[in-house]
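Work through the exercises below with the structure in view. Each task is followed by a solution in steps.

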Amino acid sequence: MLDNILRQVDASRDRAVDRLFDFLRIPSVSTHPHNKPDVDRCAEWLAHQLRGLDLQAQVHPTALHPVVLARNAHRPGRPTVLVYGHYDVQPPEPLELWTTPPFGPAIRNGAIHARGSADDKGQVWAHVEAIRAWQQGGGERTDGGGLPVNLVFVIEGEEEIGSPSFAAFMQEHSEELKADVAVISDTNQFARGLPAITYGLRGLVYEEILLTGPSHDLHSGLFGGVVANPANVLCELIASLHDADGRVNIPGFYDDVVPLELRERELWAKLPFSESDLMRELDLSSLAGEKGYSALEREWVRPTCDVNGITTGFQGEGAKTVIPSKASAKVSMRLVPNQNPQKIRELFEKAIRDRCPAGVSVEFRNHSMAEAMLVPLGSKAMELAADALRIGFGQEPTFMRGGGSIPVATLISRMLGVETLLVGFGLPDDRAHSPNEKFDLAAFHGGTRTCAALYAKLAGL
Ligand code: BES
Ligand code: MN
Ligand code: MN
């Protein structure tokens, strides 16, 4: 049976790409208020597509962006698989750096180029095409619509802004979301030709620091040296956040960090990772970070603190002699398992407040918080997912952690009380969140085959 389905996936490769293109044309940028109609349209479009596959699909409004919830006809005695993904995308700016328009998908060098191609529309669409293949390719139509499992398909529209509405959505729909296992396809493969199951993710605290000095911008000649300059102060505060060894200089920051196990260290040392290849790809002559850890270790199991943006003072062309009244910075801290986001947020705010000199006042705005995730290795479901990757890509999968965050991953495991498998198909060089984001055609195809095989495998749970 699975062979038939996989043949169907292989045979409809090109049409699958065309359909994904329609998805990618919708600029569903969750953070831009002006894209709100596009976000809503994207949810409606997706639900419509799923209805065409014999799924019952609904668009559920939330406080902000809607969630698409779909299911096949469930049959007793079969395991229920919840699949989570997101249809929202990061902003495409700066537009001038794109070779082809972010919402005008194009194929170059064996990859689909568009905003959201890898993160996460392409991965969501791999599931959609796998569902299609089961419905059309030899599946018994009387048999729950052809799929071998009870499927709950949840695709949300706020992942890229921290999923503020998702907990409430889950509470409201807890009955419909009941499942035996959850699958999230929103992560990467280890490398081209090396598919992976991700068993850990970092968490996140994203804070904005807002400094205010004088009530208005001042002439830097008349007032320079007379008042505290919020821009100078901001730079000093930011410079204070790391020590000379690249460690985060916030009292208490590392208190709850679990030391890296030798077993994982040895496992990862065997992975085919080259720091010099990475340097070449990024046009860098050296990497940087916390002393005493390899690049992979720094990405996967060490917490960080990074400025994401700074706003202050005169930004136009030429010169304007001015002491700005205000200065602000957006700072992300990636957390590792056992660090508590709320506690880290408080430690961060306290450290900044304690260091802020007289003459400047400080306020904070929190933009998101997410816990890190760690899934125990070796479960039955994880073995089945590894089988599916083997079938999908014809390669032995590896087990890795990821440096990014999926705010709802731990929420899903905890609220549903189920194991959550992170089975994703992106590649580290996909330029997610950057200009010229792409998704390899081979990743899309292997991913679709993996999803098709995964439903068959999980039916055996
Ligand atoms: N898909 C990513 C997360 C990811 C990518 C995890 C690759 C592991 C490997 C997700 O869409 C993402 O970008 N999350 C944000 C969360 C934030 C906006 C709250 C992140 O990590 O910055
Ligand atoms: Mn994503
Ligand atoms: Mn993302």
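**Exercise 1.** State how far apart the C-alpha centres of domain 1 and domain 2 lie, and describe how these domains meet.

Solution. In this predicted model, begin with the division of the chain: domain 1 covers 2–201 + 372–458, domain 2 covers 203–257 + 303–370, and domain 3 covers 259–299. The C-alpha centres of domain 1 and domain 2 are 36 Å apart. Next, look at the contacts: 11 residues of domain 1 touch 9 residues of domain 2, with heavy atoms within 4.5 Å counted as contact. Then take the area: about 590 Å² is buried between domain 1 and domain 2, and carbon and sulfur atoms give 59% of that area. On the side of domain 1, Ala372, Ser405 and Pro407 lose the most area to domain 2, together 62% of what that side buries.

**Exercise 2.** Characterise the interface of domain 1 and domain 2 by its salt bridges, its polar contacts and the residue classes on the side of domain 1.

Solution. Check salt bridges: the rule finds 0 across the interface of domain 1 and domain 2. Check polar contacts: the rule finds 2 residue pairs across this interface, both at pLDDT 80 or more. Finally, sort the residues of domain 1 that touch domain 2: they divide into 6 nonpolar, 4 polar and 1 charged.

**Exercise 3.** Why does ligand 1 lie between domain 1 and domain 2? Describe the shell around ligand 1 as well.

Solution. Start with position: domain 1 and domain 2 both give residues to the shell around ligand 1, so ligand 1 lies between them. Of the 15 residues around ligand 1, those that come nearest are Glu159, Asp186, Arg334, Ser405 and His433. By class, the shell divides into 3 nonpolar, 7 polar and 5 charged residues.

Now go through individual atom pairs. A polar side-chain atom of Asp186 is 2.7 Å from a nitrogen atom of ligand 1. For Glu160, a polar side-chain atom lies 3.1 Å from an oxygen atom of ligand 1. In the side chain of His86, an N or O atom is 3.2 Å from an oxygen atom of ligand 1. As a last step, consider cover: ligand 1 on its own has 520 Å² of accessible area, and the protein covers 86% of this.

How values were computed: Residues numbered from 1 in each chain as written. Chains lettered and ligands numbered in written order. Predicted model: local features only at pLDDT ≥ 70, side-chain atom pairs only at ≥ 80, totals over all residues. Heavy atoms only, no water. Near = heavy atom within 4 Å. Polar contact = N/O pair within 3.5 Å; in protein donor to acceptor, adjacent residues only side chain to side chain. Areas by Shrake-Rupley, 256 points an atom, 1.4 Å probe, with all protein chains shown as cover. Nonpolar A, V, L, I, M, F, W, Y, C, P; charged D, E, K, R; others polar. Domains from an automatic or database assignment. Buried area = accessible area lost by both parts, 1.4 Å probe. Salt bridge = Lys/Arg side-chain N within 4 Å of Asp/Glu carboxyl O.
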